[in-house]
Amino acid sequence: MNTALAVSGLVKSFGRSRALDGLDLTVRAGEVHGFLGPNGAGKSTTIRVLLGLLRADAGDAELLGGDPWRQATELHRRLAYVPGDVTLWPNLTGGEVIDLLGRLRGGLDERRRDELLRRFELDPRKKGRAYSKGNRQKVALVAALASDAELLILDEPTSGLDPLMEEVFQECVREERESGRTVLLSSHILSEVEALCDRVTIIRKGRTVESGTLADLRHLTRTSIEAELAAAPDGVAAMEGVHDARVTGTTIALEVDTARLDPVLRRLAEIGVRGLVSRPPTLEQLFLRHYEDDLDKTAGTAR
Amino acid sequence: MSAAAGTPALVRLALRRDRIMIPAWVLVTFVLIAGSARATTDLYATVGQRVRFVATSNGTPAIVALYGRIPDARSPGSVALFKIDIIGAVLAAVLSILLVVRHTRAEEESGRLELVGATGVGRRAPLTAALLVAGGADLALGLLSAAGLVAVGLPVEGSLVAGTAFATVGFAFAAIAAVVAQLTSSGRAAVGLSSAVLVAVYVVRAAGDSADAGGARRLTWLSPLGWGRQFRPYAGDRWWVALVTLGFAAVMVAAAYVLVARRDLGAGLLPDRPGPPRAGRALAGPLGLAWRLQRTSLLWWTVAFAILGAVLGGMAGSVSDIVGDSAGAGDLITKLGGGEALTDAFLSTELSFLGIGAAVFGVQTAMRARGEETAGAAELVLAASVGRFRWLASWLAVALAGTALLMAVAGVASGLVYAGQSGDGGETGRLAGAALARVPAVWVSVGVVAAAFGLLPRLAAAGWAALALFLVLTEGGPLLGLPQGVQDVSPFTHVPHLPGGQASAAPFGWLFAVAVVLLAAGLAGFRRRDLTS
């Protein structure tokens, strides 16, 4: 298995505040890797260390088999980056910026450039100052996607795009995966990560809290079940691993720890199932659980 | 909510942001006005000296075009204001333009005004606040200038009239900038267009002043800078001219408010033209980018230096007439510039000024590297296979080559004009060489910015402070009688007094070496540090 980038025990402080506090992140070649965390978790700082824009205080970072700080220039030929907040030069047109960035990276696929401009409905004749946030982001996206880089690093690339353009973006990323490119996609939009990513790393406060495939992570979580039964669901709500059960007549809605799914389903079957809806946990729920830890800690004393 | 709600808060915000810039600008103006007035009054102490000086000065077309005629030879104050009446007005005008654009259009362009505008701030509040801040700064500049003139020993009333002239010309340009800021959609374009207006009214005034007595001389009444001179401080004290400057400012401000009410946030009234959909061949690397971003600015600087050089060359021929038999003046210019011939001393002094002017372009260009970094645009380029060294070196290369070009253009232009007058073709090469002799000192100024940028990026603006210090030490040092050790801090002090003076290679070697060390320190420092914002 090839590793596109690997980071371990990364530490970076700005003055007294610690932005990264022992962060780990591994992205395999050819995968779309979701990099999730709330605002201020350290996503952008990690990416800037990977790009050699910041120097880590401690820890190891390897990018495409090289050192992101010392070999920055060579490595950057093989990757393309879209910042979360794209700044353009006020008097250069979008088309000029796309060409410039392409040339700096060492080449641009002309056909793909034109196709992407069309798909993203971007006017390349407008000056940088006239673009909205979303359009500035499209300029950087077109430049990155039209390059022949093997690794794409996208830092919250859709934060300014409307839902229609987000759809176009998702299509493009799927095409990139099919053509074998590696994508590191930082985001706090969970549905986007869920729709696109093979594996996910969740960070909080500069630390990695969870990492794995979406399936792996679901093991750690609960499945929601709604069942219509033949009789009243006596005792189900009190079973081990069942949470938030709500009973109305012969209908029950509950959450169950994935590890306790078997006994609960067996019990429901004994009562007699007339209808059943079961849903895997969404990333929202995954995410919220990490928040809950914090909330519990602060609320725990009050309770 | 009234349309002006929130103005006091915006004024406080602007004053907080400009707490260094406004006092520094006003103080530099004060030093310049008081220092120059003192030097002139000492120089032409008797009526006889003044009359002779004014006769030649008013009889030299280049001087009349540049500074205007001196209205009253008998009044010491009137002679003392030679040059500085126009310089003070221009300084007030530039300060007004910068302040008004900075707090209106530039804020709007950056999107910060949107943030502010969504709070309890009225539609007219940002413009009102900017005008109040600029007007206040102009008033401070005028009052302090008047105080400086009084301190030199000139009559109080005339000094107040001079201060009023500076302040109200400042108001007029604040009002012009207020209108222009509604027309363009970028802050840079607003400053550019307002500056173009300033240059245009300067030219109109020059045309009017140069005209023979009669109708054409009334042209100066079409120029706000001409109004500044019509106040005639110490030579009639025409207070009533303030009605013209204030009336004009009021009309322009009213126009600006009408425009504010008619346009959307972020939009200008002049449309943004679409640009090329593809990048030209030159825009292929960091050097191409730095060149592209600075080339328009360099073009205008080059035009200005060509004109200044030509004017210098034109004035050079009549220098000995101007100074004439005033032994004191000869001494002073010799003290300022050194050298044997008076003409050479004059040219040397003026080329020294131009050197500091070129350094302003150099510092500005090198500072753009910092601007690119804080704006986030540097990140985009540095993440795209451009090394730190190459990126910074590109900006510095434009700064170094641009300043050398400016000095060469000024030298050749002055040489050509002077050669045309004196009939000695060798002057062109001699003056071009003398102008280029300032380049190593200019490069040291660029080096200061580079070193600060690489090692202490948050203090990169110290490059401007260093340049201001160099100006005061080099031009003011001999006049103020500062110890040589202090004067030596400025690189410009070490430039041999060319043309005419003794030129040895050693000072050039040293200045060049210092520049190289500073530039290398900056480049090495930048390779080692984090990108900051």
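**Contacts, burial and salt bridges in a two-chain model**

Guide: Not counting neighbours within four places in sequence, B:Ser159 is in contact with B:Ala146, B:Leu149, B:Val150, B:Leu154 and B:Tyr234. The model is predicted.

Visitor: Why does B:Ser159 count as buried?

Guide: Buried means under 20% relative accessible area. B:Ser159 has 0% relative accessibility, so this residue counts as buried. B:Ser159 is part of helix H10 of chain B, residues 156–183.

Visitor: What makes the approach of the B:Ser159 side chain to the backbone oxygen of B:Pro155 a polar contact?

Guide: The separation is 2.7 Å, and the cut-off for a pair of N or O atoms is 3.5 Å. The value lies within the cut-off, so the pair is a polar contact.

Visitor: Why is B:Asp209 called buried?

Guide: The relative accessibility of B:Asp209 is 10%. That is under 20%, so B:Asp209 counts as buried. This residue lies in helix H11 of chain B, residues 187–210. Its side chain has a polar contact of 2.4 Å with the side chain of B:Arg205. Beyond four places in sequence, its contacts include B:Arg69, B:Arg217 and B:Arg229.

Visitor: What makes A:Asp57 and A:Lys12 a salt bridge?

Guide: The closest N and O atoms of the two residues are 3.9 Å apart. The limit between a Lys or Arg side-chain nitrogen and an Asp or Glu carboxyl oxygen is 4 Å, so the pair qualifies.

Visitor: Why is this pair said to tie together parts apart in sequence?

Guide: A:Asp57 lies in the loop between helix H1 and strand E4 of chain A, and A:Lys12 in strand E1, so the bridge ties parts that are 45 residues apart in sequence.

Visitor: Which class, buried, partly exposed or exposed, fits A:Asp57, and which fits A:Lys12?

Guide: A:Asp57 has 47% relative accessibility, which falls between 20% and 50%, so A:Asp57 is partly exposed. A:Lys12 has 4%, under the 20% limit, and therefore counts as buried.

Visitor: Why is the pair A:Lys12 and B:Asp530 said to join two chains?

Guide: The side chains of A:Lys12 and B:Asp530 meet in a salt bridge at 2.4 Å, N to O. A:Lys12 lies in strand E1 of chain A and B:Asp530 in the segment after H24 of chain B, so the pair joins two chains. Both residues are buried.

Visitor: How many salt bridges cross the interface of chain B and chain A?

Guide: The rule finds 5. A:Glu96 and B:Arg292 also form a salt bridge, at 2.6 Å from N to O. Helices H14, H17, H18 and H24 of chain B each give two or more residues to the side that touches chain A. H18(B) gives the largest share, 5 residues.

Visitor: What is the size of this interface?

Guide: Interface size is often given as the accessible area lost when the parts come together. Chain B and chain A bury about 3400 Å² between them. On the side of chain B, B:Glu379, B:Leu380 and B:Ser385 lose the most area to chain A.

Visitor: Why is A:Glu240 called exposed, and why is its partner A:Arg260 called partly exposed?

Guide: The side chains of A:Glu240 and A:Arg260 meet in a salt bridge at 3.5 Å. A:Glu240 has a relative accessible area of 57%, over the 50% limit, so A:Glu240 is exposed. A:Arg260 has 29%, between the two limits, and so counts as partly exposed.

Conventions: Residues numbered from 1 in each chain as written. Chains lettered and ligands numbered in written order. Predicted model: local features only at pLDDT ≥ 70, side-chain atom pairs only at ≥ 80, totals over all residues. Heavy atoms only, no water. Buried area = accessible area lost by both parts, 1.4 Å probe. Helix = DSSP H or I, 4+ residues; strand = E, 2+ residues; numbered from the N terminus. Buried < 20%, exposed > 50% of the residue type's maximum accessible area, 1.4 Å probe, protein only. Polar contact = N/O pair within 3.5 Å; in protein donor to acceptor, adjacent residues only side chain to side chain. Contact = heavy atoms within 4.5 Å.
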